[in-house]
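Visitor: I should like to learn how strand pairing and the setting of a single residue are read from a model. Could you guide me through an example?

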Amino acid sequence: MKNIIAIAGLAVVLAGCSTATGSLNTGAGIEPIPGSITYGGQPRTRLTKAPVGSVVPHTFRNSFGQRVDEEYIIQPDRSLKLVSRRVYRGPFWDD
């Protein structure tokens, strides 16, 4: 009986744990932040050789020194659409 209570308690404790310390934003209305490729508008140069629908990754540091990974998709008009952003907040995610 003591083993069942111990295992149940351990299961409850482990259920509350999370290994990810970053935040992932994949919503439709992601706004560019300073450091994003599209911050301040679309870039003047267009990606003419990349196929429409390709993913363009971008990594930079925000104003707090945290690593930020963003992904863009090339639209039919050759503009970039920001589709996801992940901010790494933990000390183990630094380069």
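Guide: In this predicted model, β3 and β4 pair in the antiparallel sense, joined by 8 bridges. One such pairing links I74 to its bridge partner in β4, L80.

Visitor: How many residues lie between the strands in the hairpin of β3 and β4, and which residue there takes a positive phi?

Guide: There are 5 residues between these two strands, and R78 has the positive phi, near 70 degrees.

Visitor: To which strand is β2 joined?

Guide: Strand β2, residues 55-61, runs antiparallel to β3, and 7 bridges join them. R61 has R67 of β3 as its bridge partner. β2 and β3 also form a hairpin with 5 residues between them, and in its turn G65 has a positive phi of about 85 degrees.

Visitor: What general idea should I keep in mind about side chains in a strand?

Guide: In a regular strand, side chains alternate between the two faces of the sheet.

Visitor: Let us turn to a loop. Where is S79 found?

Guide: S79 is in the loop between β3 (67-74) and β4 (80-88).

Visitor: Is S79 buried or exposed?

Guide: The general idea is to compare the relative accessible area with a cut-off: a residue under 20% counts as buried. S79 has a relative accessible area of 11%, so S79 is buried.

Visitor: Which residues does S79 touch, leaving aside those up to four places away in sequence?

Guide: With those left aside, S79 touches Q42, R46, I73 and I74.

Visitor: With which side chain does the side chain of S79 make a polar contact?

Guide: The partner is the side chain of D77, at 2.6 Å.

Key
Residues numbered from 1 in each chain as written. Predicted model: local features only at pLDDT ≥ 70, side-chain atom pairs only at ≥ 80, totals over all residues. Heavy atoms only, no water. Helix = DSSP H or I, 4+ residues; strand = E, 2+ residues; numbered from the N terminus. Buried < 20%, exposed > 50% of the residue type's maximum accessible area, 1.4 Å probe, protein only. Polar contact = N/O pair within 3.5 Å; in protein donor to acceptor, adjacent residues only side chain to side chain. Contact = heavy atoms within 4.5 Å. Pairing = 2+ DSSP bridges.
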